[in-house]
Amino acid sequence: MVALLSAWPWENFGNLKYLLYAPLAAQVVYSWVYEEDISKVFWCIHILIICGLKALVHELWSVFNNMLFVTRTLRINPKGIDFKQIDHEWHWDNYIILQAIIVSLICYMSPPLMMMINSLPLWNTKGLIALIVLHVTFSEPLYYFLHRSFHRNNYFFTHYHSFHHSSPVPHPMTAGNATLLENLILCVVAGVPLIGSCLFGVGSLSTIYGYAVMFDFMRCLGHCNVEIFSHKLFEMLPILRYLIYTPTYHSLHHQEMGTNFCLFMPIFDVLGDTQNPNSWELQKKIRLSAGERKRVPEFVFLAHGVDVMSAMHAPFVFRSFASMPYTTRIFLLPMWPFTFCVMLGMWAWSKTFLFSFYTLRNNLCQTWGVPRFGFQYFLPFATQGINDQIEAAILRADKIGVKVISLAALNKNEALNGGGTLFVNKHPDLRVRVVHGNTLTAAVILYEIPKDVKEVFLTGATSKLGRAIALYLCRRGVRVLMLTLSVERFQKIQKEAPVEYQNYLVQVTKYNAAQHCKTWIVGKWLTPREQSWAPAGTHFHQFVVPPIMKFRRNCTYGDLAAMKLPKDVEGLGTCEYTMERGVVHACHAGGVVHMLEGWKHHEVGAIDVDRIDLVWEAAMKYGLSAVSSLAN
């Protein structure tokens, strides 16, 4: 049975919970349109603005926390945040709605207070003093006492406070993630100084806004998992150790839970003899180690941006969106101009940066981002700069001791760098293994084709992947209709096949040649007219980027080649573009397999058809699984 006040009344509403703000917004709109004196509803406007500022504070702290390229050396808990924790904290902002409802009810039930709020001055020094006194003498001791009691009382911890502590890695969103009862208590803790200063007749808009926002700012600071304070500050001013906590200080509370109960001021832990003795020594140790080299990843996936809209899918922009497969969100369009400007800035000044990470069987796997977007790879004057970025990333990985670096999508474009051969030939002594991952990509596509298929239609037939797919299928006795206008390139591929299978490779030059073939393997973009040649019931397997659009309702469409990572992956909380949770592009998975197997060769240039089955079997051995798209 659910404990009293442990669940939220609107927990089943989903995003409809935001309609609870509607009465406030409606009141403002009504007064604006139909009443001459809008000052009567200033309190509604203040509530809505403060709620927005509180959400913004959490979002900005989340952005900072997830900027691994800035914070990685100062992280307190090195583990990653997985999908389970993100889902657990999905409705972290429930407490903001609660505070809006409570303040609204207080204002409605107390017209004098409502009038007082509507007429508050902008600033009052006495109000600031009163607020600080009330915070130190009421809020801090009350929170400390109740927080310690929640930990020491088994019933209250099990049924209430354990919900907050079930997030393994502190994050700014963890700060507001608690049960209804705890947040009701927090409303009292944060509300008394504000209401008290107003009742004393010394309140002001500045103190209300400042305290409401700073309260959340400090709670996010404590949960940010990044040690932002210099240890020298506390050595120069030792008294600060009693007046303000640090992220390390509160992180120790989450790790050991029997110490460091204070709200923001450690002096109450000192007085209550509950301060962790390692609090300040650990804080100093983390700051001093900021310049030291951290753990070296065993594997790096070198990715790149796709387009401006998908850039907002990054975990350091919106963590919740990044934890779901990418899809265009219309309400983010107003952010497009700003994101475009950021893209231009990255083009001019940025270098390859750490994007995300996860751990697989004690192997640290990182994704690095080349600061380039899809369209830039097709600009002739930009290719040298892109190759310079990729080369610099490979050399950096080699220098720090990375075992395998896998090139994503356009980073291994044949026209750009020969599928990675440019770098391997230029630097023959590389210790890091450069991998394009296309062998496993080919394997995923080939193993998806039913065994009873006798004929396929292949576009992009003379590309790196097209060649490997054609050669593999012809050895299986499958007739391959290879769409290409180049007789020379077709014949070159045909000659690579064993003599007895060469007749299974057939050159075609028009799409109508496949009007009776129900298995299409697409390596080149198809227009609606070109897709119309496929008979009803056709399945489109594809390795074209971006994927073709689904124009035919009587046909099925496969997704890009992908594999699901093993179940024992840890700290994975970001979706790879349009992939489902835990699913990565096959070229990413190919690099992981290369690393797990400990293979010492580079996988660049042309695909070795003889290794396709070997790589597939290795992937199966390590628990990776194919993502079937035949039903799509």
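Accessible areas here come from the Shrake-Rupley method with a 1.4 Å probe. On that footing, the chain in this predicted model exposes about 29300 Å² of accessible surface, and 63% of that belongs to carbon and sulfur atoms. Buried residues account for 54% of the 632 residues. The C-alpha trace runs to about 95 × 60 × 55 Å along its principal axes, and the fold is put together from 27 helices and 14 strands. Looking at contacts with a separation of 6 or more, 70% join residues 24 or more positions apart. As for charge, there are 54 positive and 44 negative side chains, with the centres of the two sets 4 Å apart.

Two stretches carry domain annotations in UniProt, both from an unreviewed entry. The record puts "Fatty acid hydroxylase" at residues 133-274. That span is 67% helix and 0% strand, and its end C-alpha atoms sit 23 Å apart. Further along, the record has "Very-long-chain aldehyde decarbonylase CER1-like C-terminal" covering residues 456-624. Here the make-up is 28% helix and 18% strand, with 27 Å between the end C-alpha atoms.

Within the stretch annotated as "Fatty acid hydroxylase", Phe-264 is worth a look. Phe-264 sits in the loop that links helix H13 (247-256) to helix H14 (267-271). Despite that loop position, Phe-264 counts as buried because its relative accessible area is 7%, under the 20% cut-off. What does Phe-264 touch, leaving aside residues up to four places away in sequence? The list is His-135, Glu-140, Phe-215, Met-218, Arg-219, Leu-243, Ile-244 and Tyr-245. Arg-219 is 45 residues away along the chain, yet its C-alpha atom and that of Phe-264 are separated by 7.8 Å.

On to the nonpolar cores. The largest one holds 61 residues, and the members touching the most others are Leu-440, Leu-473, Leu-505, Ile-521 and Ile-612. Helix H23 (residues 464-475) is the top contributor to this core, giving eight residues. A separate core of 36 residues lies apart from the largest one and includes Tyr-143, Tyr-211, Phe-234 and Tyr-249. Back in the largest core, Leu-440 is one of the best-connected members. Not counting residues up to four places away in sequence, Leu-440 touches Met-563, Ala-586, Ala-589, Gly-590 and Val-593, along with Val-615, Trp-616 and Ala-619.

Terms used:
Residues numbered from 1 in each chain as written. Predicted model: local features only at pLDDT ≥ 70, side-chain atom pairs only at ≥ 80, totals over all residues. Heavy atoms only, no water. Core = buried A, V, L, I, M, F, W, Y, C linked by side-chain atoms within 4.5 Å. Buried < 20%, exposed > 50% of the residue type's maximum accessible area, 1.4 Å probe, protein only. Helix = DSSP H or I, 4+ residues; strand = E, 2+ residues; numbered from the N terminus. Contact = heavy atoms within 4.5 Å. UniProt positions renumbered as here; feature names shortened; annotations may be inferred. Lys, Arg positive; Asp, Glu negative; His and termini not counted. Charge placed at Lys NZ, Arg CZ, Asp CG, Glu CD.
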